[in-house]
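This report examines one protein chain residue by residue, with attention to burial, packing and charged pairs. The sequence and the model are shown first.

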Amino acid sequence: MSARLSRRGLLGGAAALALSPRLVFANAGAIRVAYQAVPAAGSGLPDLQPLDYGRLDALAREVRRLIVPEVSAALGLPDRAARTEIAPGGYRLRTDPSLTTSFDATDGASARLFAAAIGYVLRQEGVLVFADEARGDSLAVTLRFASGAPGPALAQRFFRHAASVASGLGGGYSSVGGDLVFINLRDGRGMPYSGLADDRFAAMLQRAVEVFAIPVRLVGTKRVRTGLIGAAWGKDGGAGYVEELAALAPSALAQLDLLGFVFADRVRVRSRGERHR
């Protein structure tokens, strides 16, 4: 077991962006965990930013095939690979392949645990958990292209266009069933990261839709319950995830550490432009 996820590491870690206590899903729809196969800056792994979408997509598919089932097994959960979608997702004005793993509405505890484990193994800056809920803390706006689910080039083109209409729209988006979903996420004080009130957030997306060159429409808004877990890898070695995993058995912790090494190997291989060995 590595020092990072050993009992010693657990006792010495300090939380970073740990999931807030409010991440309790009551009367919610399907719960989704959104993440990428791109490790965070400061994680000690090669920078994958220079890689094109196709090479990152190949890595994301390796994660779904090799990592997701093993993380599920380490946590004592059913294999989530079949319930993991890979589609364009945006973060800070860049579109990359994103993975979204779904859980039943009654399985919030499993979704939270999976989010922490997958974030640790893939060395994520942050993992988002969200679900439809009438009294949710955040507004979600759903957009649909007339041509169907957008590819990465079209999704990125709209993402940058939306950010040119209002910079607060450049934080990120997710893909759900072929639609683009923009969520007006809030910080621990309840303030939107976008700097836009919900009505303004929706209005700016409507304006972006109206002046975009390719047919797209705003199909609806809804409330969602959200939670974010993350870590400053260069400072705390993933402590935000480690604290969420503290109650796991030593064998499960050891398995997650091993999977972290497997993922690190895949990242190094992909960064050199090699195929799966």
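A residue is called buried when its relative accessible area is under 20%, exposed when that area is over 50%, and partly exposed in between. Tyr53, at 21% relative accessibility, therefore counts as partly exposed. The model discussed here is predicted.

**Overall composition**

The chain contains eight helices and eight strands. Of its 277 residues, 53% count as buried. Among the contacts with a separation of 6 or more, 77% join residues 24 or more positions apart.

**Nonpolar cores**

The largest nonpolar core holds 49 residues, and those touching the most other members are Val33, Tyr35, Ile67, Val71, Phe114, Ile118 and Leu256. Two or more residues of this core come from each of strand 1 (31–36), helix 2 (53–74), strand 3 (94–103), helix 3 (108–121), strand 4 (126–132), helix 7 (239–244) and helix 8 (250–271). Another core, of 23 residues, lies apart from it and includes Phe145, Ala155, Ala166 and Leu196.

The surroundings of Val33 can be listed in detail. Leaving out residues up to four places away in sequence, Val33 touches Leu99, Thr100, Thr101, Phe103, Ala111, Phe114, Ala115, Val127, Leu128 and Val129.

**Helix 2 and its ends**

Tyr53 belongs to helix 2. Beyond its neighbours within four places in sequence, Tyr53 is in contact with Ala87, Pro88, Thr95, Asp96, Pro97 and Pro152. The C-alpha atoms of Tyr53 and Pro88 are 9.1 Å apart, although 35 residues separate the two in sequence. At the start of the helix, a side-chain oxygen of Asp52 comes to within 3.3 Å of the backbone nitrogen of Gly54.

How far apart are the end C-alpha atoms of helix 2? They are 30 Å apart, which agrees with the 32 Å that its 22 residues should span at 1.5 Å a residue. Helix 2 nevertheless bends by about 35° at Ile67, with a proline, Pro69, following within four residues. Ile67 is also one of the residues that touch the most other members of the largest core.

The buried residues of helix 2 are Leu56, Asp57, Leu59, Ala60, Glu62, Val63, Ile67, Val68, Pro69, Val71, Ser72 and Ala74. These buried residues pack against strand 1, strand 2 (84–91), strand 3, helix 3 and helix 8. Just after the helix, Gly76 adopts a positive phi of about 75°.

**Salt bridges**

A count based on a side-chain nitrogen of Lys or Arg within 4 Å of a carboxyl oxygen of Asp or Glu comes to 15 salt bridges. Three of these pairs are given below.

| Pair | Closest N to O distance |
|---|---|
| Arg266 and Glu62 | 3.1 Å |
| Asp198 and Arg223 | 2.9 Å |
| Arg266 and Asp265 | 3.2 Å |

The bridge between Arg266 and Glu62 links distant parts of the chain, with Arg266 in helix 8 and Glu62 in helix 2, 204 residues apart. Arg266 counts as buried at 5% relative accessibility, and Glu62 counts as buried at 5%. Asp265, by contrast, is partly exposed at 28% relative accessibility. Glu62, Asp265, Arg266 and Arg270 are linked in a network of salt bridges.

The side chains of Asp198 and Arg223 also meet in a salt bridge. Asp198 lies in helix 5 (residues 198–210) and Arg223 in strand 8 (residues 216–230), so this pair ties together parts that are 25 residues apart in sequence. Asp198 is buried, with a relative accessible area of 17%, whereas Arg223 is partly exposed, with a relative accessible area of 27%.

**Positive phi at residues other than glycine**

Which backbone angle does Leu93 have although it is not a glycine? Leu93 has a positive phi of about 70°. Leu93 lies in the loop between strand 2 and strand 3, and is partly exposed, with a relative accessible area of 31%.

Arg123 likewise has a positive phi, of about 50°, although it is not a glycine. Arg123 is placed in the loop between helix 3 and strand 4. With 9% relative accessibility, Arg123 counts as buried.

How values were computed. Residues are numbered from 1 along each chain as its sequence is written. This is a predicted model: local features need pLDDT of at least 70, side-chain atom pairs count only at pLDDT 80 or more; totals for chains, interfaces and linings use all residues. Side-chain values use heavy atoms; hydrogens and water are left out. A nonpolar core is a set of buried Ala, Val, Leu, Ile, Met, Phe, Trp, Tyr and Cys residues joined through side-chain atoms within 4.5 Å. Buried means under 20% relative accessible area, exposed over 50%, partly exposed in between (1.4 Å probe, protein chains only). Contact means heavy atoms within 4.5 Å. The expected span of a helix is 1.5 Å times one less than its number of residues. The bend at a residue is the angle between axes fitted to the seven residues ending there and the seven starting there. A polar contact is a pair of N or O atoms within 3.5 Å; within protein, one must be able to donate a hydrogen and the other to accept it, and residues adjacent in sequence count only if both atoms are side-chain atoms.
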